Amino acid sequence: MKISYQWLTEFVAINQSPAQLAELLTHAGLEVDDCLPVADNFTGVVIAEVKSVERHPEAERLSICQVDAGEGTLHTVVCAAPNVMAGIKVPYAQVGAILRQQSAEPRLIQQATLRGVPSAGMLCSAADLGMAENSEGLLILPPGALLGEDLRAYLQLDDTILDIQLTPNRGDCLSILGIAREVGVLNRESVRTLTNLPNPTSDELTVAVTLTDTLPIHIEADQACWRYAGRIIKNIDNTRPTPIWMQERLRRGGIRSISLIVDIMNYVMLEVGQPLHAFDLATLSSAIHVRYAQVGETLTLLDSQSITIKPDTLIIADAKGPLALAGIMGGLDSAVTPATTDIFIESAFFHPDAILGRARNYALQTDAAHRFERGVDPELTLAALERASALLLALGGGNAAPVQEKQTSYFRPNKDPIILETAFLAKVLGISLPASEVADILRRLGNTVAETAVGWKITAPSYRFDMSLAEDMIEEVARIYGYTRLPAQAPHLKMTMPFVQQQNLTAEKFAQILVARGYQEAITYSFIDPQLQNLCDPHTAVLSLVNPIASDLAVMRTNLWPGLLSALQYNIKRQCDRAKLFEYGLCFTPTEQQPRIAGLMLGLAYPEKWHANAFTNDFYTLKADVLALLALTQNMQQFVIVPAQHPALHPGQSAKVINHQGETIGWLGAFHPQLLQALEIKTTVYGFELYLSALTQAKLPQYQPLSPFPQVRRDLALIVPEDTLAGDMLQCARQAAGEWIMDINLFDVYQGPGIAEGYKSLAIGLTLQHLQRTLTDVEIDAVMQNVMLALQQQFAAELRQ
Amino acid sequence: MQISTLLENAQSAINVAEDLQALDQVRVNYLGKKGQVTLLLKQLGDLAPEQRAAAGQEINQVKQQLAELIAQRQAQLQSAQLAATLAQQKIDVTLPAFGLEYGGWHPITLAKQHICNAFLQWGFQIAEGPEIETEYYNFTALNTPDNHPARAMHDTFYFGDGRLLRSHTSPVQIHVLERTAPPIRVIAPGRVYRCDRDATHSPMFHQVEGLMVDEGVSFADLRGLMQLFLHYFFGRDDIEIRLRPSYFPFTEPSAEVDIRLPGNEHWLEVLGCGMVHPKVLSNLGIDAKRYSGFAFGMGIERLAMLRYGVDDLRLFYANDLRFLREFN
C-alpha cells in the first residue's frame with residue numbers, strides 16, 4: 001500500500017517527519033518497506049507555455065519552440081518530444097536548473113546549441129523529473145496552470161510515499177483513512193471521519209438529487225453480499241481531464257489515470273477503502289442482480305480477456321447475463337468510455353468468504369479483490385457512494401438520482417463482544433498493565449469498551465475483521481502499548497525425559513564419519529532435471545511438480561546422485577580434478593520420503609604428492625568408506641556387499657549392500673561410463689548411497705570376555721578359478737574354522753606368471769584363539785584342515801605350491 | 001707389574017675404546033675370567049698371610065674402580081651411538097602431510113548445528129517432519145484455511161493431488177502437537193520450498209522452527225528466549241534486538257525480530273515468532289486455557305550469511321568446492 005504523506009496529513013495531524021512516521025508505523029506492525037520521493041529532487045523547473053513550434057532545419061526529430069515562462073520574453077528551446085505543440089503548458093527546466101535522475105549525477109541545464117540552433121533550457125517529460133519510469137513525451141499540464149510557477153510548488157512535489165507492507169489481517173488499513181486512523185491511535189490525534197472528509201476541490205461537495213431514475217437491485221446471494229447500493233448519475237462529461245491534483249494522488253497511490261469517472265472511483269477507494277464500480281448505464285438492461293454464476297456463463301473482462309465463470313464466483317448481472325465479477329473486476333461491455341454520459345455506480349459489501357481466492361482462480365490481481373478479500377467496512381457502503389457522487393458532480397458535471405440500497409438478513413456490521421480478563425492479559429504478556437492504560441488503548445482503537453468485574457467487555461469497530469478472540473485484543477493492546485516496552489525473561493523449564501537414545505543413529509552421525517574421512521558436504525536442490533533423473537534412476541516412479549520454477553527443476557529426486565553429479569560437474573568445469581562430496585536428505589517417490597546419504601569420489605586419494613604411496617581412489621577406497629558408515633550400527637556382521645547391477649553404475653564394478661533381512665539398503669560402485677559421458681565427465685567417478693531408514697538403530701554393545709591365552713595365526717595360499725568371489729571364500733573359511741576364529745584376513749591377490757591361465761592366487765590369514773586355554777598344534781592343524789577341505793569342496797581351491 | 005700401572009693402563013684402554021665392542025674387550029682383558037685383575041686376585045694366595053688382606057683390599061678397590069669406569073664409558077658410548085642413530089633418522093618435517101584430509105560441513109549445516117546446539121542445551125529436542133506435506137499440515141492446521149490471503153504469500157510448489165512441498169517448517173509444530181503432550185520443547189530444522197528465484201530468493205532454503213508449550217508460558221518468555229538465542233548465535237551480547245508486531249495466522253500476538261549488529265546502521269529481520277494461536281492448540285485437543293506456548297521460525301541462510309559474511313545467497317547451492325572449503 002503506497003501512501004502519500006501529504007495526503008495523510010489532511011486526515012490527521014502529524015508531527016513526525018516521513019522517516020519518523022515510517023518508524024512509528026513499523027513498530028505498530030505496519031511495516032514500512034521504503035520511503036520514496038514522489039519526484040526527483042530537481043530545482044529551477046517552472047511552468048511554461050509553448051507558443052510556437054517549428055521544425056528544426058537540420059534534424060527531422062527536433063523542434064524549435066518559443067516558450068513563455070511568464071517573464072514577458074520568449075525563450076528558444078530545442079525539443080525532441082513527439083507530443084510538443086503550440087498552446088500546451090509543460091514543465092520547463094530553465095538555464096541554471098538542476099535535474100537529478102535518481103542514480104545519475106546532478107545535471108546542470110545550460111545554454112546549449114543543438115545542431116546549430118541555440119537552446120535555452122529544456123522542456124521536460126515526467127521521466128525527466130523522476131515522476132515516471134518512462135515517458136512517451138512531455139508532461140502536459142492543465143491549461144489553467146500559472147506561467148512561471150515553480151513546478152514543485154504547483155504539483156506539491158515535496159512529498160514522500162510510504163510503501164507499507166500490510167499484513168493480510170489489516171484490510172482496514174488499505175486506505176488513507178485507514179492509515180490515518182492508525183496514526184491517530186499512535187499519536188493520540190483526532191482523525192477525519194466519513195462525515196468530515198477533507199475537500200480537495202474548490203466546489204462545495206454535496207449531492208443534489210435532481211433525477212428520479214432507479215435501477216432495481218436484486219441480491220440473490222444474501223450471505224455473500226450483505227449490502228448493495230447504487231445510484232444513477234446522468235449527463236456527465238467524461239472527456240474532461242482529471243484534475244492534476246487527483247492524477248498526482250492516484251499516481252502516488254500507484255494507480256494509473258484512465259478517465260475522469262474511473263479516476264474518481266479509484267480516488268475514493270484510495271481515500272476511504274471502498275472499491276466502487278461504474279457501469280455505463282446505456283449498456284444495462286432493466287435490473288441489477290447479485291448472484292453466483294451459472295455453469296457455462298462467460299464474460300469479457302475490462303482487460304479484454306474472455307473467461308468462463310466458475311459457479312463459485314459471485315457476479316453482477318443484468319437480465320442479459322454477467323456484467324462483472326463481483327468485487328474483482330468489471331466487464332468490458334458495460335465499462336465506461338470517454339463517450340459515456342450516464343452511469344450506475346455500485347458500492348457494495350461483499351463478504352470476504354465470497355471473494356477469497358476467486359480472483360486467483362482467474363489469475364487476476366485487482367485492487368478491489370485485494371480489499372474485499374481482507375474485509376471492507378460494511379458501514380462504508382453509503383458514505384463512499386455519496387463521496388464519489390459528490391466528486392463526480394463537482395468535477396464532471398451531471399445530475400444525480402437517489403441512492404438505492406438493498407440489505408440482506410445477514411447484514412450485521414456489529415461484532416460480537418469480546419471478554420478480555422485482566423488476569424488472562426497478564427498471563428499471556430507476562431506483565432500486569434495498568435487497567436486504565438489498557439482501556440485507553442482499546443478505546444483509541446475504536447472499540448466500545450465496558451469495564452467488568454474481571455476485565456473488559458469490548459466491541460470492535462465494523463472496519464476490523466481480525467477481532468474475534470481475547471487473544472486478538474491482547475495483540476492490539478501489546479502492539480499499541482509497544483512491544484519494546486514489554487518485559488523479557490528467561491523461561492523456566494521443567495526437565496523431561498529426552499526421546500533421543502544412545503543407539504539412535506541420526507543422519508548427522510553418518511555425515512560426521514564422512515567429514516572425518518575427507519568428504520565435503522554439498523546441499524543440492526530436491527527437485528532436479530527429469531532427464532538426469534531418468535539417466536540415474538530410470539525404473540523408479542517419479543513425482544513431478546505441477547508448477548516447477550524451471551523445466552530443469554521439475555521432478556523430485558529419487559536418489560541423491562543426480563544432485564551430487566551435477567555439483568561435481570560444476571567443479572570439474574572449474575578445474576577441479578579430485579573431490580569427495582556427500583549429501584544427506586530426503587529422496588522422494590510418489591508414495592515415500594526416504595532419508596538417504598550418498599557420496600562420490602573423483603581422482604587421487606590424496607593431493608598430488610611427493611610421497612611414494614599416493615594412489616587413485618577406486619572401488620575399494622569407496623568400500624572402506626561405506627564400511628565405516630555401516631560400522632556405526634555396531635553390528636557389521638548383519639551386512640553383506642554383493643555384486644549387483646544398477647542403471648547408473650558400471651555393470652562390472654557395482655554392488656549392493658544387503659542387511660540380514662535380505663533388504664537392499666544401499667549401492668556402491670563406479671558410475672556408468674555412459675552416464676558420465678552425458679555429464680561430460682571424462683574421469684572415472686565412484687559413488688555410494690545408503691538408505692538411512694534401514695540404519696536408524698545401533699546395537700547396544702555387550703561385553704565379551706577377553707582371552708588371556710596366545711593367538712595363533714596361520715596363512716593359506718590358495719589357487720582358485722579367477723571368477724571365484726573372495727567374499728564367498730572368506731565367509732566359507734570363517735564358518736569352517738569354527739568357534740575359535742578371531743579374525744580372517746585376505747592379504748594377497750595374484751594373477752600372472754606361476755599361476756595357470758584362468759586361475760588366481762589368494763592368500764588368507766586366519767587368527768585363532770581359545771578363551772580358556774592355549775590351543776595345541778594338533779587342534780590348530782585340525783582347524784586348518786577343515787578350512788582347506790571346505791574351500792576345496794566349494795571352490796575347487798588348491799594349495800599354492 | 002705395579003697395580004698402579006695396571007690401573008693406569010686399564011684407564012687409558014677404557015678411554016680409547018671407541019665403541020661398545022672395544023670397551024667390552026677391555027672389560028674382558030681386565031675383569032674377565034682370565035683378566036688381569038682376576039689373575040691378581042687368584043695370585044693372592046701366593047702372598048704372605050699378613051700381606052693378603054691389604055693386597056686383597058687394594059685389588060678389589062681397583063676392580064670396583066674399573067667396573068665403574070667401564071660402566072661410565074659404556075653409558076657414554078651408548079648415548080653417542082643413540083645420538084648417531086637419531087641423527088641418521090632425521091627427516092624433513094616441513095614436507096607436506098600425507099594421508100586422509102579432513103572434509104567439511106556445508107555452511108548451512110554449520111549454522112544449523114550452531115542454532116540447534118543452543119536450544120539443545122536449553123532442553124529442546126530435535127523434531128523432524130516430511131518435506132512433502134498436505135494442505136492440512138502446511139496451512140489448514142496452522143489456522144490458514146482455504147483461500148486465506150496468507151496462502152498466497154507463500155508461493156507454494158504443488159503436486160496436483162492435494163500434496164505440496166512444505167513452504168515453511170511450521171507444519172512440524174502440528175506433527176509434534178499431535179503426538180506429544182505438554183510440556184513440549186522442540187526445534188525442527190529442515191528444507192523448505194517456495195516458488196521464487198532471484199538474487200535474494202532460492203526455491204529451496206532452510207528454516208529452523210521452534211515450539212515451546214507448557215503451563216504459564218508468556219510473551220515475556222518468548223522475548224527472553226529470543227534474546228538469549230541471538231546473543232548466543234552471534235557470540236556477543238552487544239547486539240540490539242527489537243520485536244515488532246507482525247502477523248502469522250498461527251500465532252497471536254506475533255512478532256518479527258530485528259537485530260542491529262554493533263557498528264551497523266540498519267536493522268535486519270532475522271526471525272518471526274509469536275504465541276501459539278489458541279485455535280491451533282484447541283484443534284489438536286490441547287487445553288488452551290491451561291497451556292500456552294510460543295513458536296518461532298528463522299531462515300538459516302539469512303543467519304549464516306550474517307555470521308559468515310556471505311554476500312550472495314546463490315553461493316550456498318552452487319556447491320563450489322573452493323567456497324565449501326572456506327568453512328573447513
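Analyst: Two strands count as paired if DSSP finds at least two bridges between them. Strands (E, at least two residues) and helices (H or I, at least four residues) are DSSP runs, numbered from the N terminus. This is a predicted model, in which local features need pLDDT of at least 70, side-chain atom pairs count only at pLDDT 80 or more, and totals for chains, interfaces and linings use all residues. Side-chain values use heavy atoms, with hydrogens and water left out; residues are numbered from 1 along each chain as its sequence is written; chains are lettered from A and ligands numbered from 1 in the order in which they are written.

User: What makes β30(A) and β31(A) a pair?

Analyst: Ten bridges join β30(A) to β31(A), and the two run antiparallel. That satisfies the bridge criterion, so they are paired. In one of these bridges, K580(A) has M601(A) of β31(A) as its partner. A hairpin of four residues joins β30(A) to β31(A).

User: What does β31(A) share with β35(A)?

Analyst: Seven bridges, again in the antiparallel sense. M601(A) stands opposite Y686(A) in β35(A).

User: Why is β31(A) called largely enclosed?

Analyst: Because eight of its ten residues are buried. Buried means under 20% relative accessible area, against over 50% for exposed and partly exposed in between (1.4 Å probe, protein chains only).

User: What makes β27 and β32 the edge strands of their sheet in chain A?

Analyst: β27 (520-521) and β32 (640-643) of chain A each pair on one side only. The sheet is open and has seven strands in the order β27-β30-β31-β35-β34-β33-β32 (chain A), with mixed pairing. Within this sheet, β33(A) (649-658) and β34(A) (664-671) pair antiparallel over six bridges, with A655(A) standing opposite L668(A).

User: Which strands does helix α16 of chain A touch?

Analyst: α16(A) (561-572) packs on the sheet and touches β30, β31, β33, β34 and β35 of chain A, where contact means heavy atoms within 4.5 Å. Its direction makes about 30° with that of β31(A). Helix α17(A) (619-630) lies across β30, β31, β32, β33, β34 and β35 of chain A, at about 20° to β35(A).

User: Why is α12(A) called roughly perpendicular to α13(A)?

Analyst: The axes of α12(A) (435-444) and α13(A) (470-481) cross at roughly 100° and come within 10 Å. Axes are lines fitted to C-alpha atoms, for helices over the stretch in contact, and angles run from 0 to 180 degrees between N-to-C directions. Under 35 degrees counts as roughly parallel, over 145 as roughly antiparallel, 65 to 115 as roughly perpendicular and the rest as oblique. The crossing therefore makes α12(A) roughly perpendicular to α13(A). E437(A), V438(A), I441(A), L442(A) and R444(A) of α12(A) meet M473(A), E476(A), V477(A), I480(A) and Y481(A) of α13(A).

User: How is α1(B) placed relative to α2(B), and what makes it so described?

Analyst: Helices α1(B) (3-16) and α2(B) (20-31) pack at about 165°, with axes 9 Å apart. By the angle classes, α1(B) is therefore roughly antiparallel to α2(B). Residues in the contact include L6(B) and A10(B) of α1(B) and L23(B) and Y30(B) of α2(B).

User: Why is T167(A) called buried?

Analyst: Its relative accessible area is 13%, so T167(A) falls below the cut-off. T167(A) sits in the loop between β11 and α4 (176-187) of chain A. Not counting residues up to four places away in sequence, T167(A) touches S246(B) and Y247(B).

User: What makes β11(A) mostly covered?

Analyst: Five of the six residues of β11(A) (160-165) are buried. β11(A) pairs antiparallel with β1(A) (2-4) over three bridges, and with β2(A) (31-37) over six. D163(A) in β11(A) is the bridge partner of K2(A), and D34(A) also stands opposite D163(A).

User: Which residues touch the most other members of the largest nonpolar core?

Analyst: Y228(A), F350(A) and F296(B), in a core of 214 residues. A nonpolar core is a set of buried Ala, Val, Leu, Ile, Met, Phe, Trp, Tyr and Cys residues joined through side-chain atoms within 4.5 Å. A second, separate core has 29 residues, including L668(A) and W105(B). F296(B) is also the bridge partner of C273(B), where β8(B) (268-276) and β9(B) (291-299) pair antiparallel over five bridges.
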